[in-house]
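Let's take a walk through this structure together, one region at a time. Have the sequence and the 3D view ready so you can follow along.

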Amino acid sequence: MNIKDSGHHFIAIFGGAVAGAEAAFQLANRGFRVVVFDQSPLPYGKIEDGLPKWHAKLRDKEEANINQKINQPNIRFVPGARLGRDVDFKDVLTWGFSAIILATGAWKDRPLPVNGIDDYINKGLYYQNPFVHWFNHKHEPNYTGQKFNIHDNALVVGGGLASLDVVKILMIETVQQALKERGIEVDLFTLDHGINKVLDKHHLTLQDLGLKGCTLFYRRRAIDMPLSPLATDTPENLAKAQVVRQKILDNFRKKYLFKFEPCSIPVEKIIKDDWLNGLRFQRTEIVDGRLIPTDKFFDVESPLVISSIGSIPEMIKGVPSNGNIFKISNPESCLIDGYDHVFAIGNAVTGKGNINESVKHGREISEEIMENYLDWRQEDYENWHRQTAATVNKEISKIIDVIEKKKFMTDEVIQSILDKIHTMQKKVGYNGNYEKWVEKNTPPRLENML
C-alpha cells in the first residue's frame, strides 16, 4: 500500500461549527483526510444563527476562524447536508470511514414543563432558538423564514445568558418601534449600547412610550443564575461568583429596562380564545442550595411567552440516546454507545454553548481519537513524512515497517468515499472552492445596510 497516496485514514465530521471545525483542523494537521458535512450552506452553526447580531465583531472573528480551519487541502466540505434528513446515519456507516464524529450541536429547545403548552406554539408561545434565528436574519431582503410578532409586556422563562439575549431582543424591538412611531429612528447597534442612554438622550421613559417592558422569570434567585464561569468549588469562590452574577443581572436591567421575577416556576397555562394568554407560577424557596416549591401561586397574563430554558441535541435515527442527550459509552473519548468508531463532540454532549469550551472539547476528543483509537500519534505523522521524503535506508526501512503495520484504508474505499462526496457537493452546486462559496453565501449584514 502506498501510504502517501492513500492518506491513511478518512474521517467524517457532521457539523462544521466551533467544535467540528477544530476537530477537522487537528485531524488534517495530523495528515488525515476529512470531510465536513453541515446542515446549512455555511458551517457556522450558532455563531451565525444563535449569537445575536449585535455581536457582529465577535461573529466575524469566529466565522473567520472556522473558515481558516476548514479551508485546508485535505478537508472536503459538503454544505446543505443534514444528518438524518439529507444523509442517513445507517448509510454513512457503510461508507467505510475510519471514524465518524457528531458535532451536530444543540438546536432543539428544551420543552417548557407545563402540561399541553406546546399546543400553543406560535399561538402565544415561542421558543428561543427559532426566535433568535428570526431576529438574526429578518433584515435580509430574501429572508423567507418564519416571522415572529413581538408584543410588549412579554414573559420570558429562563435564567441563563441566552435568556438575557431574549429579553434584550424583546426590549430593543419594542423600544425601537415605539421610538419610530414618534419619528425617532434609532438603529439596533445604538440601542445595544443601552436603551436607557437612548431614552435619556430624548428625555423619555418607557412609560412615555406606552411600554411596560418584558419580565424574566427564574426558578431560583438572581445570585444563582448561571451567568459567570467563575468557580464555585469553595464557599469563598461561591460567594464571589454570586456577587458577580448579581452584578451582571443588575447591569443588564439598568441598560435594557426589563423586569425580573426570581423564585418562580411555571406550572399551568392561561388560555383565552384558544390562545396562550399567560402563565400561572408557583413560588419557590432556596434552602441549603435546594429548590423547594411553596404553596403560593400567582397568575401573570401576557400576550406572549418565550421559553428560554436551554437547548438539547436533536436526536438522530440510529444514534442511541439517554434521555435528551446522546448515549456515551466512554466519557474520555465520547464514544457513542453501541459503536466502535462513532464519537460526539461539543455542545451535542457537553451541554455547554461557550465558544472556548467547544474549541477545547473538539481539540481534546480529536486528540483522543487519533492517539488511542486510530493509534496515530504526532511521531507517527512525522515518521510518515520522513519515509515519504527520504531515500530509503536502514533506519527509514524500520519506520516503514512500523507504519505499514497500522490499519489503513485501501485506495478503493477512499475513492468510493470521494465519489460519494462529489455527488453530494454537485447536488447543492458546490464546486469545491470554499472561499468563493463563502463569499457567495454569506448573508447581507445589517451593519452594512445602515
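Before we look at any rings, here is the rule for pairing them: rings of Phe, Tyr and Trp (its six-membered ring) pair if their centres lie within 6.5 Å. With that in hand, look for Phe10, Phe14, Phe37, Trp95 and Phe97, which ring pairs link into a cluster. Keep in mind that what you're looking at is a predicted model. By the pairing rule, the count comes to 18 aromatic pairs.

One of these pairs brings together phenylalanine 89 and tyrosine 339. Their ring centres are 5.5 Å apart and their planes stand at 90°, so this pair is edge-to-face, the label used for planes over 60 degrees apart. The two partners come from distant parts of the chain, 250 residues apart. Phenylalanine 89 belongs to helix 5 (residues 89–92), while tyrosine 339 sits in the loop between strand 18 (335–336) and strand 19 (342–344). Are these two residues buried or exposed? Buried means under 20% relative accessible area. Phenylalanine 89 has 1% relative accessibility, so it counts as buried, and tyrosine 339, at 16%, counts as buried as well.

Now find tyrosine 430 and tryptophan 437. Their rings also form an edge-to-face pair, because the planes are at 85°, with the centres 5.3 Å apart. Tyrosine 430 counts as buried at 6% relative accessibility, and so does tryptophan 437 at 9%.

Rings can have charged company too. Go back to tryptophan 95, a member of the cluster with Phe10 and the others: the charged end of lysine 420 sits over its ring, 5.8 Å from the centre. Elsewhere, the charged end of lysine 53 sits over the ring of phenylalanine 135, at 4.8 Å from the ring centre. Hold on to lysine 53, as its name will come up again.

Let's step back for the whole chain. How many helices and strands does the protein chain have? There are 17 helices and 19 strands. The C-alpha atoms fill a box of roughly 85 × 50 × 45 Å, taken along the principal axes. Of the 450 residues in the chain, 50% count as buried.

Next come the sheets. Strands of a sheet pair through backbone hydrogen bonds, either parallel or antiparallel. For the parallel kind, look at the open sheet of 5 strands, which run in the order 6-13-7-8-9. Its edges are strand 6 (125–127) and strand 9 (259–261), each pairing on one side only. Neighbouring strands in this sheet are turned by 25° against each other on average, direction ignored. At the strand 6 edge, 3 bridges join that strand to strand 13 (residues 305–308), and the two run parallel. Here tyrosine 127 has serine 307 of strand 13 as its bridge partner.

For the antiparallel kind, turn to the open sheet of 3 strands in the order 10-11-12. Strand 10 (264–272) and strand 12 (290–301) are the edge strands, and each pairs on one side only. On average, neighbouring strands here are turned by 25° against each other, direction ignored. Strand 10 pairs with strand 11 (residues 275–287) over 7 bridges, in the antiparallel sense. You can check the register yourself: isoleucine 265 has glutamine 282 in strand 11 as its bridge partner, and lysine 269 stands opposite leucine 279. The hairpin of strand 10 and strand 11 has 2 residues between the strands, and in it aspartate 273 takes a positive phi near 55°.

Finally, some empty space. Rolling a probe the size of a water molecule over the atoms shows where empty space is left. The second largest pocket has a volume of about 780 Å³. Its lining counts 31 residues, with Ser40, Pro41, Asp49, His133 and His137 nearest the centre. Helix 3 (46–49) and helix 6 (128–137) are the elements that give two or more residues to that lining, and helix 6 gives the most, with 6 residues.

What about enclosed space? A search of the whole structure finds 1 cavity of 30 Å³ or more. The largest cavity has a volume of about 90 Å³ and is lined by 16 residues. Here lysine 53 returns: Glu48, Lys53, Arg59, Asn136 and Arg445 lie nearest the cavity's centre. Helix 3 and helix 6 turn up again too, since along with helix 17 (446–449) they each supply at least two residues of this cavity's lining.

Note on methods:
Residues numbered from 1 in each chain as written. Predicted model: local features only at pLDDT ≥ 70, side-chain atom pairs only at ≥ 80, totals over all residues. Heavy atoms only, no water. Phe/Tyr/Trp six-rings, centres within 6.5 Å; stacked < 30°, edge-to-face > 60°. Helix = DSSP H or I, 4+ residues; strand = E, 2+ residues; numbered from the N terminus. Buried < 20%, exposed > 50% of the residue type's maximum accessible area, 1.4 Å probe, protein only. Lys NZ or Arg CZ within 6 Å of the ring centre and 35° of its normal. Pairing = 2+ DSSP bridges. Axes fitted to C-alpha atoms, helices over the stretch in contact; angles between N-to-C directions. 1 Å grid on protein atoms, 1.4 Å probe; cavity = no way out; pocket = protein on both sides within 12 Å on 5 of 7 lines; lining within 4 Å. Points joined across faces, edges and corners; volume = space filled by probe spheres on them.
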